[in-house]
Amino acid sequence: MKYEIKGGAMPVVEIHLEAGEAIRCEGGGMVWMSNNMEMKTQGGGLGKMFGRAFSGESMFQNIYTAKKGPGMITLGSCFPGSIVAVEIGPGRELICQKSAYLGSTTGVNLEVVFQKKLGAGFFGGEGFIMQKLTGNGIAFVEIDGTAIEYTLGRGEQMIIDTGHLAFMDSTCKMDIQKVQGGAKNMLLGGEGLFNTVVTGPGRITLQTMPKNALAAQMAPYIVTGSN
C-alpha cells in the first residue's frame, strides 16, 4: 500500500493498493475510487457495532479491496482540518478523540475506551467516550485544524485547553485541573474553568481549531429569525 495526503483545508488521502490489498473505512469516508475496487459492508457483532456508535462512528464499516490488479481509493475529511497517518503496533496503541478515525489497513482495530475519572469526562472537553486504535497497520485520523505533535517524557505534563487534544499514545494519562490563579482567573480569564492535563511518557498530538471552538467563533455572525 502507498498513500499520499493531498489538499488544504479539506484534505483527502489517496491510497494505492496492490491486487488483493484492502482498506477499511467508515461509511461515507470514500470520495472517489478506481472501478476495480470491491466494497463489502460489515458490522462485526453487536458489541463492536454499538461501541463504534458510542464513539461517534457508523455502526457499520466498509472494506474496499482491489480486484484484478492495482486499485486506488480516496478517503475525505468531513471537517476543515488535517489528516494524519499513524502507524499502529505493539506498544504504539492510540487513544483518540471521538470521531477521529477515518480509515485504516485491515489489521487495525477500532475500540471504545471510557474515561475512568468522572471529572475528566465531565470537564476535560474530550468526553467520557474516546476511541482506541490497536493491532498492526496504518490508520488515518482526522484532525480539527492543524496537527501539532509533542513527545512527553516520563512524568512530564502538558496543560491543554479543553478540546485541543486530538490523540495520544496509550501510555499517556489524561486528567483535568482547575484554571490556576483563583476565581478571578477562572471567571474572567476567558479560558474556562478547567484544563486538560496529559502526563507522559508518550507522544501527543494537539489540534489548533476543535469543532466546538470554531462553532463558538462563528456563533456571533449567525443570524437566525423568521419572516
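Modeller: Buried means under 20% relative accessible area, exposed means over 50%, and partly exposed covers the values in between. The model discussed here is predicted.

Colleague: Is E38 buried, partly exposed or exposed, going by its relative accessibility?
Modeller: E38 has a relative accessibility of 45%. The cut-offs are under 20% for buried and over 50% for exposed, so a value in between takes the middle class. E38 is therefore partly exposed.

Colleague: Which side chain meets that of E38 in a salt bridge?
Modeller: The N to O distance in this pair is 3.9 Å, and the cut-off for a salt bridge is within 4 Å. The pair links distant parts of the chain, 29 residues apart, with E38 in strand β5 (residues 37-42) and its partner in the loop between β6 (61-66) and β7 (71-76). That partner counts as partly exposed, at 37% relative accessibility. The side chain is that of K67.

Colleague: How many salt bridges does a search of the whole structure find?
Modeller: Side chains of opposite charge can pair when their charged atoms come close. The pair of K67 and E38 is one such salt bridge, and D169 with R203 is another. The search of the whole structure gives a total of four.

Colleague: In the salt bridge of E14 with K6, how far apart are the closest N and O atoms?
Modeller: E14 counts as buried because its relative accessibility is 14%. K6, at 33%, counts as partly exposed. The closest N and O atoms of E14 and K6 are apart by 3.2 Å.

Colleague: Which residues are joined with D169 into one network by salt bridges that share partners?
Modeller: D169 forms a salt bridge with an arginine, the closest N and O atoms being 3.7 Å apart. This pair links strand β16 (residues 165-169) to strand β19 (residues 202-207), across 34 residues. D169 is buried at 8% relative accessible area, while its partner in β19 is partly exposed at 32%. Salt bridges with shared partners join D169 into one network with R92 and R203.

Colleague: Which strands stand at the edges of the open sheet, each with a single partner strand?
Modeller: Four strands form the open sheet, in the order β1-β2-β7-β4, with antiparallel pairing. A strand with a single partner is left without a neighbour on one side, so it stands at an edge. The edge strands are β1 (2-6) and β4 (30-33).

Colleague: Which residue in β7 is the bridge partner of M33?
Modeller: Three bridges join β4 to β7, and these strands run antiparallel. In β7, the bridge partner of M33 is I73.

Colleague: Is the peptide bond from G200 to P201 cis or trans?
Modeller: P201 sits in the loop between β18 (194-199) and β19. Most peptide bonds are trans. Omega from G200 to P201 is near 25°, and the bond is cis.

Colleague: What is phi of K68, a residue other than glycine?
Modeller: K68 is in the loop between β6 and β7, and it counts as exposed because its relative accessibility is 88%. Most residues other than glycine have a negative phi. K68 has a positive value, near 55°.

Colleague: What is the phi of S99, which is not a glycine?
Modeller: S99 lies in the loop between β9 (94-96) and β10 (101-105). At 29% relative accessibility, S99 counts as partly exposed. Its phi is positive, at about 75°.

Terms used:
Residues numbered from 1 in each chain as written. Predicted model: local features only at pLDDT ≥ 70, side-chain atom pairs only at ≥ 80, totals over all residues. Heavy atoms only, no water. Buried < 20%, exposed > 50% of the residue type's maximum accessible area, 1.4 Å probe, protein only. Helix = DSSP H or I, 4+ residues; strand = E, 2+ residues; numbered from the N terminus. Pairing = 2+ DSSP bridges.
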